[in-house]
Structures are given as structure tokens and as C-alpha cells.
Amino acid sequence: MPIAVDSVTDSSVFPEQVDVVVIGAGIIGTCTAYELARKGVSVALLEKGVVAGEQSSRNWGWVRQQNRDLHELGLAMYSLKRWGELAQETGRDLGFRRTGILYCAREQAELDKWEAWSRQAREQGFHNELLTAAQARARTPGSTSQWTGAIWSPTDGRAEPSMAAPAIAEAAKATGAHVHQHCAVRGLEIAAGRVQGVWTERGLIRAPRVVAAGGAWNSRFCHHHGIELPVANIGGTAFRTHAAPDILTVGNISGPGFALRRRLDGGYTVALPGHGTLNITPHGLRHATKFYQMYRAKLAKKLKYRLNSSFWNGPEAAGKWRNDGPSPFEAIRILDPAPDREIVATALRNIAREFPALRDVQVAAAWGSMIDTAPDLVPIISKVDRLPGLVIASGFSGHGFGIGPGAGRLACELATDAAPFVDVRAYRLDRFSDGSAIRRPEMM
């Protein structure tokens, strides 16, 4: 595994019964478990591999409000505030720094789109700055582009993916949560039409409420119980550099063909926005028509399509298993896809062209990931009407790291029947099955 993640120690006692089981110890699952434990709810956080072993340690590390889908903005604004509180509250460093995010544009059409979004975002209380060409150049003194302008959010920030979810998991454990790694959940125990617990590779844990936060594996887990969760797992690629000159006056910058985040170790995390791979799979084919608007709006020209072994044994494969026998979740403890070397090479060329000071920068490590993506790029954080006791937190579309604290609070509230702190209608699962038109994604 090319990612070095802070280690988490398991709890000493494996519970027989809790109030809530949380499946998956990525950023969403750990935040959910932490919020539940803070409320005094008995909770078990179960992970088939290691805490943050998959997408939660492989993302870009951006913590942003800017350029969110407007339906997601309230969750993002709360999450940004919560990121600022967690270090002091938990006594642990999550790597969070409020260093601002800058989006630069060469085309006026891009600026016009951002300006229109900003006007609507101000109605929700979010404020950023639209920069002139001269102001954009002043904030990027080492760049070669003659920017048309930029959009700047000084309150946004960054965090270290290898540190954040492990720190929150340890905080959840210190607050009373049971945390167990290398413990796959094979399926739900269901009786009288509702959830009664989970079957794990170590046996049954009784619980009347379960939060499924399994990332790329969530759709296959739900399908095991006849619940259709229309998400597509899109393969992403990113890399980190060795220590390199500090050419940014901001923490994160995005421009045509690159995204850069300054790391605490003196290097950069680099990505090529929007580019990735879509594996052809049984689950993907089953829900393909729901993704028409997304592919048309965002990804048609940036995705590669592949038929490979994931068709038979990946998180979107077909196949059945029994809750008292080995499951697909034990077969692949950590989903570790190979990075796309073409994407790495292109992004490296792009940053060298844009920032001559980075011309000699070297790649320290590159990695692949699987990003659970909803048809409208808005997450699914929802109770399941046909199976009382189950809450799904899925389809975060590459945005989950930044909105993890808010999503964790909302999942906690749904699991305990508390009043949600945000309007949940945009996040409901049945928006994809009740005849509602699937919206074309606004932003990414």
C-alpha cells in the first residue's frame, strides 16, 4: 500500500450488543462514531481493513466550502467550522490548517459560472472573493499563466488524510466507542422486518441501528439485502512529491490541468481534476441510465472505460454469500488500485509548465483510489424506509473528506431519531427511485 496511515489500536473488548453499529472506518464512519459516542450512545465502529485504508487516506486533503453543489453547501459550511474545533476538542492533530483555497481561470466563461454560483452561495451565508486578473497574478507569483481572474476563499483549508480519520477514531474510542479493525461485516441480522444487528467474521453483534458507511463497498453490501444504491465507483489517481519549493501564497490552488495542496512534510499532493477510470461492472451496468446527466455534464471526455478483473471480484461485482461464511469484504481487506501513470505524468508536466520552480520536483509516491459517486454528485445520507434501523451514508463523490464532520453529525442524528441540523431532502436515497428527475450536477 503506497499510503502510510497513522495506526489505530483496537478496543480490548469485542461487544455482543450496542445501540449502533457503524460499518466502515473512513472519515464518514469515524466522524459518525465519534458524534454518537459524544452523545453517550453505545457504538461499535467496524472496519474490514484498517482505519482510513481506502479513499479517506487517498483523497486530495482539501477542506472546502467553495464550488460545492448548493445542496451540499450547508453541510460544507458546518463541516469547515467543525474541522476548526476538532483538534482542541479531541486533543489530536488532524493536520487541519485554514490556509485558503484559490481557483484560477483562463476563460471568462469559467469566471462567469463561479460568479453566478457565488451570488447564490451568499444567500446561504457563504462569502468569497472574485479576483481580477491582476489580483490572481499577485496570488500566484510563480505561475506562467496570464489568468483572466480567480475565485478565492480565505476561510477554506486543508488537512492531512493520513492523520485525520485515525485521530478521530482514537478520539471516538477514548469517548467510549468500540473500534475493531480487520473485522468485516458480512451482513445484517433482520427480524420482524427491521435491523436487529450485524453478522461479522467474529460473530453477531446485536444492535437496533446500523450506519452503512463502507465507501466503495456500500452498494454491494446493500444489494446483498435487496437495497439498490445507485453509486458508481470512479477510479482516481493522485501523487505526492518530495520536499519542494514553497511556491504558493495559499494552501491549495486549482487551475486548468492541475490541483495542488501544500503538505505538512514540505511536499505537494497533486492531482488532475476530473480525470479517472470507470470500470465496467455488473452493478454499474444495472444503474448506468441514472448517470446520464453526470456523464454528459462533467465526465464524458475525462473518463477512461475499462473491463478488468473488478467485473468478477470488485466492490461492484455480482455474486451471493452467506452471513455465516466468507464474504467479498474479507477477500479484499484494502482496495488498492494501481494509479494511472498517464495521469501522473500529465499532472507532473502541467505543474512544471505552470510553476517553473517545480520543474525538477520528483514523485515520491502515487496511488489509486475508488471514489463512490452519486448520479447527481450529492451524497446519500438517508434512512432506508423499507428496512427500519438502517442508515446509509454513501455516494460522497470525492467530497467526503471535507464534509466528513457534518456528514457524521447528520448520520448520527438519523441513527438516533434526532432532529437533523440540515434539510435532508437533497440527501434522501429515494430521490433516485420515486420518479424525481435526476439533476445535472452543478459543481464538483
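**Close-up views of a predicted model**

**View 1. Surroundings of E330 in helix α11.** E330 lies in helix α11, which covers residues 328-331. The model shown here and in the other views is predicted. The relative accessible area of E330 is 16%, and because buried means under 20%, E330 counts as buried. The side chain of E330 makes a polar contact of 2.8 Å with the side chain of R186. Beyond four places in sequence, the residues touched by E330 are A184, R186, E201 and G325. R186 therefore appears both in this contact list and as the polar partner of the buried E330.

**View 2. Q181 in the loop between β8 and β9.** The loop that holds Q181 runs between β8 (178-180) and β9 (185-191). Q181 has a relative accessible area of 8%, so with the limit for buried set at under 20% this loop residue is buried. In sequence Q181 and E47 are 134 residues apart, yet their C-alpha atoms are 4.7 Å apart in space. With residues up to four places away left out, Q181 touches V8, T9, D10, E47, G49, V50, V51 and R202. One of these residues, V8, offers its backbone oxygen, which the Q181 side chain reaches at 2.8 Å.

**View 3. Strand β16 with its partners β13 and β15.** Strand β16 spans residues 268-271. Y268 and V270 point one way from the strand, T269 and A271 point the other way, and all of them are buried. On pairing with β13 (residues 232-241), β16 runs antiparallel over 3 bridges; T269 is the bridge partner of R240. With β15 (residues 258-262) the pairing is also antiparallel, here over 4 bridges, and Y268 stands opposite R262. β15 and β16 make a hairpin with 5 residues between them. In the turn of this hairpin, G266 has a positive phi of about 95 degrees.

**View 4. The bend in helix α13.** Helix α13 takes in residues 400-415, 16 residues in total. The C-alpha atoms at its ends are only 19 Å apart, whereas a straight helix would reach 22 Å at 1.5 Å a residue. A bend of about 45 degrees is found at G406. Most of α13 is covered, with 15 of its 16 residues buried. Just after the helix, D417 takes a positive phi of about 60 degrees.

**View 5. The largest nonpolar core and the contacts of Y427.** The largest nonpolar core contains 52 residues, and I27, W83, I381 and Y427 are those with the most contacts inside it. At least two residues of this core come from each of β1 (20-23), α1 (27-38), β2 (43-46), α3 (70-90), α6 (161-174), β21 (390-394) and α13. The helix of the previous view, α13, gives the most, with 8 residues. Y427 is in contact with H71, E72, L75, V378, P379, I380, I381, S382, L410 and V422, its neighbours within four places in sequence being left aside. Another core lies apart from this one; it has 33 residues, including V21, I23, W217 and C222.

Notes. Residues are numbered from 1 along each chain as its sequence is written. This is a predicted model: local features need pLDDT of at least 70, side-chain atom pairs count only at pLDDT 80 or more; totals for chains, interfaces and linings use all residues. Side-chain values use heavy atoms; hydrogens and water are left out. The expected span of a helix is 1.5 Å times one less than its number of residues. The bend at a residue is the angle between axes fitted to the seven residues ending there and the seven starting there. Buried means under 20% relative accessible area, exposed over 50%, partly exposed in between (1.4 Å probe, protein chains only). A polar contact is a pair of N or O atoms within 3.5 Å; within protein, one must be able to donate a hydrogen and the other to accept it, and residues adjacent in sequence count only if both atoms are side-chain atoms. Contact means heavy atoms within 4.5 Å. A nonpolar core is a set of buried Ala, Val, Leu, Ile, Met, Phe, Trp, Tyr and Cys residues joined through side-chain atoms within 4.5 Å. Two strands pair if DSSP finds at least two bridges between them.
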